[in-house]
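Subject: Handover of a structure

Hello,

I am passing a structure on to you, with notes on what was found in it. Please look at it first and then read on.

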There are 2 protein chains.
Amino acid sequence: MEAPNPTEVRPGLRERKKQKTRQTIIDAALELFTKQGYEETTIAEIADAAEVSPRTIFAYFPTKEDILFSDTPEIHERFRRALEHRAEGVTALDALRGIIAESLDLGPTELRRKRIVAWDETLKRSERARQAPFEQMMVDAIAKDLGAGPDDIRPQIVAAALIAAFSKLRDRDFAEPSESFSSEQAMAVVDEVIGFVRGGLEAMRRR
Amino acid sequence: MEAPNPTEVRPGLRERKKQKTRQTIIDAALELFTKQGYEETTIAEIADAAEVSPRTIFAYFPTKEDILFSDTPEIHERFRRALEHRAEGVTALDALRGIIAESLDLGPTELRRKRIVAWDETLKRSERARQAPFEQMMVDAIAKDLGAGPDDIRPQIVAAALIAAFSKLRDRDFAEPSESFSSEQAMAVVDEVIGFVRGGLEAMRRR
DNA sequence: AGATAAAGCTGCACTAAATGCAGATTTACG
DNA sequence: CGTAAATCTGCATTTAGTGCAGCTTTATCT
């Protein structure tokens with residue numbers, strides 16, 4: 001049944017076309033969102049700009065929001081991999097520090113998304129809500145590190161603190177387009193937060 | 001212009017009727033949500049059960065979700081007041097400890113809401129997102145306490161940690177209806193988290 | 001290459017949330 | 001009692017999202 005694919009690198013015309021269409025939809029949508037706002041842009045307009053039928057949009061994305069947040073699954077995936085495949089002796093906290101450092105530099109799509117989201121209260125809430133699986137990932141990793149049981153609250157607070165720091169950094173980075181952004185400065189803040197978390201864990205242990 | 005109200009205690013027939021209708025809608029909605037699920041319940045059904053027109057529902061609540069979350073504004077208001085009107089010398093952290101303690105006991109509407117939300121992923125995300133103003137409130141209060149500037153990240157991590165603890169406790173409380181719930185036990189966890197936060201702040205200070 | 005299968009695209013019809021508007025009804029108030 | 005204001009409601013409309021069926025395009029097999 002499963003015929004071995006002769007060209008593993010080339011995904012085939014069908015798949016390539018699909019990816020292209022997908023990207024076209026994303027580009028068209030982000031451009032319209034930027035120009036006239038998210039709420040003010042209809043699926044019909046996006047379809048028109050991307051030169052596909054409105055029905056096709058929903059074949060690619062379950063909801064309008066998913067067009068905007070199309071890049072978040074892969075971002076989460078990157079985080080997941082970095083957490084799973086870490087060298088022996090590297091704690092979850094250390095691994096997270098590394099990923100956060102790498103992720104402070106926003107990709108172009110990510111930056112466009114940030115700008116659109118910043119304009120719409122509803123979208124801000126959605127973005128926040130979409131971090132839940134990512135946060136859960138952190139909780140699990142940290143729990144495993146600490147050997148914590150399901151009732152242990154430490155992983156949750158540590159993850160929450162890190163997410164807060166991460167969001168804050170991202171927002172600040174976004175506020176100043178690329179002007180005074182300093183990677184060292186950002187990492188200094190991350191290390192402050194890690195220090196906070198370690199201090200907190202210490203305090204809980206010696207209670 | 002402003003005629004002084006002769007009966008300050010009695011809000012007048014119109015207002016009383018409005019409150020009654022509002023409550024009827026909420027009750028009808030929560031019952032239907034519980035019985036058949038949130039997504040499976042339409043505005044038309046709620047209107048029918050509450051004996052008002054569908055259009056009237058939207059005169060009372062901007063969205064279907066707002067019926068479900070109708071009690072959250074007053075909860076946030078309670079928190080806000082407790083944070084603002086606290087005795088001299090009581091820190092924001094102390095005040096928050098108190099409010100969290102008081103709020104662990106869920107009201108009947110709150111409990112019904114929790115049960116409905118627990119069944120629906122989308123609603124979980126919404127609930128989480130709706131905590132944003134509450135979190136901001138915490139951030140502001142803590143920032144004022146610490147004399148922190150806008151770039152100081154400490155208020156955000158402290159607030160995030162507290163929210164996480166709060167949510168965790170609430171969820172656990174919800175999981176066990178009222179059986180093995182112990183107020184002392186819950187407060188012990190809260191104090192653990194407060195200890196964590198204090199330890200974290202300590203660690204940041206002596207960095 | 002040509003036939004056949006599978007995947008993808010699109011139009012059509014439909015549901016449900018949400019909004020604007022205007023007329024009818026109810027409450028408030030002099 | 002009569003008038004003004006608030007409220008309720010029906011109607012029409014917009015938009016997101018879904019199911020389905022037919023058509024087109026790509027893949028596969030001989």
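Is B:Glu51 buried or exposed? This is a predicted model, and every value below is computed from it. B:Glu51 has 11 other C-beta atoms within 10 Å, and a residue with 12 or fewer counts as exposed, so B:Glu51 is exposed. B:Glu51 sits in the loop that lies between H2 and H3 of chain B. The phi angle of B:Glu51 is near 55°, which is a positive value in a residue other than glycine. Most residues other than glycine have a negative phi. In chain A, A:Glu51 is found in the loop between H2 and H3, and phi of A:Glu51 is near 60°, again a positive value in a residue that is not glycine. A:Glu51 is exposed, with 11 other C-beta atoms within 10 Å.

Chain A as a whole

Chain A contains 11 helices and zero strands. Along the sequence the pattern therefore reads α-α-α-α-α-α-α-α-α-α-α. The C-alpha trace of chain A spans about 65 × 50 × 35 Å along its principal axes. Chain A has 207 residues, of which 25% count as buried. Take the contacts in chain A between residues at least 6 apart in sequence: 61% of these join residues at least 24 apart.

Helices H1 and H7

In chain A, the axes of H1(A) and helix H7 (residues 108-117) come within 9 Å and cross at roughly 35°. The crossing of H1(A) past H7(A) is left-handed. On the H1(A) side the contact is made by A:Leu30, A:Phe33 and A:Thr34, and on the H7(A) side by A:Arg112, A:Arg115 and A:Ile116. By class, this contact of H1(A) with H7(A) has three nonpolar residues, one polar residue and two charged residues.

In chain B, B:Ile116 lies in helix H7 (residues 108-117). Outside its neighbours within four places in sequence, B:Ile116 is in contact with B:Leu30, B:Phe33, B:Thr34, B:Tyr38, B:Leu68 and B:Leu123. B:Ile116 has 19 other C-beta atoms within 10 Å, while 20 or more are needed for a residue to be buried, so B:Ile116 counts as partly exposed. B:Ile116 and B:Arg198 are 82 residues apart along the chain, and their C-alpha atoms are separated by 35 Å.

How the two chains meet

How many residues of chain A are in contact with chain B? There are 27, and they are in contact with 27 residues of chain B. The elements of chain A that give two or more residues to this side are helix H8 (121-130), helix H10 (154-175) and helix H11 (183-205). H11(A) gives the most, with 12 residues. Sorted by class, the side of chain A that touches chain B has 15 nonpolar, five polar and seven charged residues.

A turn of 180° and a shift of 0.0 Å along the axis lay chain A on chain B with an RMSD of 0.1 Å. That is the relation of a two-fold axis. The C-alpha of chain A nearest the axis is that of A:Gly200, 2.0 Å from it. Of the interface residues of chain A, 100% are also interface residues in chain B, so the copies meet through the same surface.

The DNA strands

DNA strand C is surrounded by 21 residues, and the closest are A:Ser53, A:Thr56, B:Leu13, B:Arg14 and B:Thr63. The elements that give two or more residues to the surface near DNA strand C are helix H1 (13-36) and helix H3 (54-60) of chain A, along with helix H1 (13-36), helix H2 (43-50) and helix H3 (54-60) of chain B. This surface near DNA strand C divides into eight nonpolar, six polar and seven charged residues.

Which residues come nearest to DNA strand D? Of the 21 residues around DNA strand D, they are A:Gly12, A:Arg14, A:Thr63, B:Ser53 and B:Thr56. At least two residues of the surface near DNA strand D are supplied by each of H1, helix H2 (43-50) and H3 of chain A and H1 and H3 of chain B. The classes on the surface near DNA strand D are eight nonpolar, six polar and seven charged residues.

Regards

Technical notes. Residues are numbered from 1 along each chain as its sequence is written. Chains are lettered from A and ligands numbered from 1 in the order in which they are written. This is a predicted model: local features need pLDDT of at least 70, side-chain atom pairs count only at pLDDT 80 or more; totals for chains, interfaces and linings use all residues. A residue is near a molecule or strand if its C-beta atom, placed from the backbone, lies within 6 Å of it. Helices (H or I, at least four residues) and strands (E, at least two) are DSSP runs, numbered from the N terminus. Ala, Val, Leu, Ile, Met, Phe, Trp, Tyr, Cys and Pro count as nonpolar, Asp, Glu, Lys and Arg as charged, and the others, Gly among them, as polar. Axes are lines fitted to C-alpha atoms, for helices over the stretch in contact, and angles run from 0 to 180 degrees between N-to-C directions. A crossing is left-handed if the near helix is turned anticlockwise from the far one by less than a right angle, and right-handed if clockwise. Two residues are in contact if their C-beta atoms, placed from the backbone, lie within 7 Å. Copies are superposed by least squares on the C-alpha atoms of residues with pLDDT of at least 70 in both.
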